[in-house]
Amino acid sequence: MSMNDPIADFLTRIRNATLAGHEQVDIPLSRIKEDLARVLKAEGFVADYTVAGEGKTASIRVHLRYTPQRTPVLQGLRRVSKPSLRVYTKCADLRPVRSGLGISIVSTSRGVMTGKQARQARLGGEVLCEVW
């Protein structure tokens, strides 16, 4: 199976796992996916992530977060910049997601960070996805 958009695959696997009520989900590892997982953990959308294996078989295990009522903390994920249509923004154009309840994840020259962090660092970049 060839994968054209690994970031969309990452988001879809997490979305499907939360809808199915799974505790964790395994995703093939890449540096960008590890960066996305790091941002999601830092912002409190996922409980944790671990990297297992090495080489071609390496994977990242994302531990999902739920409220005590078993509703997922992660309500929605949306891919913004796609391989067919890249979306780049300046730091001034980075807007809040869902009136500040969500985050946008931006790939900048200084690495992957939230839209808010990119605005504070006065960096623009490619808007990878929005999470709420």
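This report covers the strands, first helix, nonpolar cores and selected loop residues of a predicted model.

## Strands β1, β2 and β3

Strand β3 spans residues 59–64 and pairs with β1 in the antiparallel sense, over five bridges. Two of the partnerships are as follows. Pro28 has Ser59 as its bridge partner in β3. Gln24 has His63.

β3 also pairs with β2, again antiparallel, over six bridges. Here Asp48 stands opposite His63. His63 of β3 is thus named twice, as the bridge partner of Gln24 and as the residue opposite Asp48. β2 and β3 form a hairpin, with six residues between the two strands. Gly53 sits in the turn and has a positive phi of about 80 degrees.

## Faces of β1 and β3

Side chains alternate along β3. Ile60, Val62 and Leu64 point to one face and are buried. Ser59, Arg61 and His63 point to the other face and are not buried.

β1, residues 24–28, also has two faces. Val25 and Ile27 make up the covered one. Gln24, Asp26 and Pro28 make up the uncovered one. The bridge partners Pro28 and Ser59 therefore both belong to faces that are not covered: Pro28 in β1, Ser59 in β3, where buried means under 20% relative accessible area.

## Helix α1

α1 has 15 residues. From its first C-alpha to its last it reaches 21 Å, close to the 21 Å expected at 1.5 Å a residue. Gly21 follows the helix, with a positive phi near 80 degrees.

The buried residues of α1 are Ile7, Asp9, Phe10, Leu11, Ile14, Ala17 and Thr18. They pack against β1, α2, β3, β4 and β8.

## Nonpolar cores

The largest nonpolar core holds 26 residues. Phe10, Ile14, Leu40, Val62, Ile105 and Val131 touch the most other members. At least two residues each come from α1 (6–20), β1, α2 (31–42), β2 (46–52), β3, β6 (103–108) and β8 (125–131). α1 gives the most, with five residues. A second, separate core has seven residues, including Val80, Leu94, Ala118 and Leu123.

What does Val131 touch, beyond residues up to four places away in sequence? Its contacts are Leu40, Phe45, Leu74, Gly76, Leu77, Val97, Gly102, Ile103 and Ile105. Leu40 and Ile105 are in that set, and both are also listed among the core residues that touch the most other members.

## Arginines over rings

Which aromatic faces carry an arginine? Arg70 lies over the face of Tyr66, at 4.2 Å from the ring centre. Arg98 lies over the face of Trp132, at 3.9 Å from the ring centre. As for pairs between aromatic rings, the count comes to zero.

## Positive phi outside glycine

Arg70 has a positive phi near 65 degrees and is not a glycine. Its place is in the loop between β3 and β4 (77–79). Arg70 is partly exposed, with a relative accessible area of 44%.

Ser99 is another non-glycine residue with a positive phi, here about 55 degrees. It lies in the loop between β5 (88–89) and β6. Is Ser99 buried or exposed? Its relative accessibility is 77%, so Ser99 counts as exposed.

Notes
Residues are numbered from 1 along each chain as its sequence is written. This is a predicted model: local features need pLDDT of at least 70, side-chain atom pairs count only at pLDDT 80 or more; totals for chains, interfaces and linings use all residues. Side-chain values use heavy atoms; hydrogens and water are left out. Buried means under 20% relative accessible area, exposed over 50%, partly exposed in between (1.4 Å probe, protein chains only). Helices (H or I, at least four residues) and strands (E, at least two) are DSSP runs, numbered from the N terminus. Two strands pair if DSSP finds at least two bridges between them. A nonpolar core is a set of buried Ala, Val, Leu, Ile, Met, Phe, Trp, Tyr and Cys residues joined through side-chain atoms within 4.5 Å. Contact means heavy atoms within 4.5 Å. Rings of Phe, Tyr and Trp (its six-membered ring) pair if their centres lie within 6.5 Å; planes under 30 degrees apart count as stacked, over 60 as edge-to-face and the rest as tilted. A charge sits over a ring if NZ of Lys or CZ of Arg is within 6 Å of the ring centre and within 35 degrees of the ring normal. The expected span of a helix is 1.5 Å times one less than its number of residues.
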